[in-house]
Amino acid sequence: MNQNMAAAMELRCWGGDWGLPSVHSESLVVLAYAKFSGAKLTVSPIDWTWKTLTATVPELICGNSALQEPTQILNFLRKQRFNADYELSARQGADTMAYIALLEEKLRPALLHTFWVDAENYANVTRPWFASRSPFPLNFLVPSSHANTALSRILLTKGEAPLHRISEVEGKIYSDAKECLNLLSYRLGSANYFFGNSPTSLDAFVFGFLAPLYKASLPSSPLQSHLRQLDNITGFCDNILAVYFSSDHPCPPPPVQETMDANLQKLTQLVNKESNLIEKVLLLSFYLLCMVAFGRWMTTFAAALSTNPTDQTPNPVRPVRRTLPLPNALTCQP
């Protein structure tokens, strides 16, 4: 690998927490593979920027190239001679592809449900974290946008007949995920990595998918409980963190933002802490404004009805007076 011949590479991703360089699984896959292959990446967290809503991460920028999705990024790094799989046999390469497909099919839906659909986890962990890393007013939009995307993806991949609702799908996806974890644990055995003494792309994918589930403080997660019972898998995650990320620390918020000065950043942090209260206040304000507008309209309408009809009707119909004829005896004769 000739690092000097490679163009500068920038990786845009979500930042780190929970002892991880990134809490985002796909971003974590790319970060791990870069460490394994020796690729030097400039990591640019999108936290506290407007990219939290507009960017698709992870995104690798290299010259005029912009790549998204871990598979595309890893293939690009291999072409740049950063290849963590160069010692794999053809059989091991095929096994790698099979296990990655297994992760996507069996494990990802359960991870999406755990972090984005489970009401307790979303309210206490996922939503507050992503809201706190998004500038105002995006902190109200980013978490719900990700949650809707996650729910749609689960139903699209797992909502086949006769399972159409998320409550019907839950049991299936968690059963598949636990089975996937058991297979990974059996395949890893007592080794440090899945193939030989060096980590490969499969290790990067497994680490990226499992490390957030392992490290997050989730109030409700049977899947996390199951994972923590698999000592070799948790040891696998701890080993990668210790060997490849021990000197890394979550990136602090940038001191200067192009779109948000220091005062606005303080306001953002304050709003994020009271986001639930702010949402309720906004809804109440909107309700009051609607009531005021409706009241003014009713007042105007009532005033229009109470106006004198002769002022609004150009040719009013006047009542006709009828004169009754008097009897002859009472009629005055000349």
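In this predicted model, helices α4 and α8 are roughly parallel to each other, because angles under 35 degrees count as such and the two helices pack at an angle of about 10 degrees. Helix α4 covers residues 90-117 and helix α8 covers residues 201-215, and their axes lie 11 Å apart. The crossing in which α4 passes α8 is left-handed. On the α4 side, the contact is formed by T96, Y99, I100, L103, E104, L107, R108, L111, T114 and F115. These residues meet S201, L202, F205, V206, F209, L210, P212 and L213 of α8. By character, the residues of this contact comprise 13 nonpolar, three polar and two charged ones.

One member of this contact, T96, is worth a look of its own. T96 sits in helix α4 and counts as buried, because its relative accessibility is 5% and the cut-off for burial is under 20%. Leaving aside residues up to four places away in sequence, T96 touches L88, F195, S201 and L202. Of these neighbours, S201 and L202 belong to the α8 side of the helix contact.

A second helix pair offers another packing geometry. Helix α5, spanning residues 119-132, and helix α6, spanning residues 142-158, have axes that come within 8 Å and cross at roughly 120 degrees. The α5 and α6 helices are therefore oblique to each other. Here Y122, R127, F130 and A131 of α5 meet P143, S144 and A147 of α6. The residues of this contact divide into five nonpolar, one polar and one charged.

Attention now turns to the nonpolar interior. The largest nonpolar core holds 79 residues. Those with the most contacts inside this core are M9, L107, L184, F207, L210, L223 and F236. Two of these names, L107 and L210, also appear in the contact between α4 and α8, with L107 in α4 and L210 in α8. L223, for its part, touches L107, A110, L111, T114, Y174, A177, K178, L181 and L213, when residues up to four places away in sequence are not counted. Among these partners, L107, L111 and T114 come from the α4 side of the α4 and α8 contact, and L213 comes from the α8 side.

Finally, the chain as a whole can be summarised. The secondary structure of the protein chain amounts to 13 helices and four strands. Of its 334 residues, 40% are buried. Among contacts between residues at least 6 apart in sequence, 75% join residues at least 24 apart.

How values were computed. Residues numbered from 1 in each chain as written. Predicted model: local features only at pLDDT ≥ 70, side-chain atom pairs only at ≥ 80, totals over all residues. Heavy atoms only, no water. Axes fitted to C-alpha atoms, helices over the stretch in contact; angles between N-to-C directions. Left-handed = near helix turned anticlockwise from the far one by under 90°. Contact = heavy atoms within 4.5 Å. Nonpolar A, V, L, I, M, F, W, Y, C, P; charged D, E, K, R; others polar. Buried < 20%, exposed > 50% of the residue type's maximum accessible area, 1.4 Å probe, protein only. Parallel < 35°, antiparallel > 145°, perpendicular 65-115°, else oblique. Core = buried A, V, L, I, M, F, W, Y, C linked by side-chain atoms within 4.5 Å.
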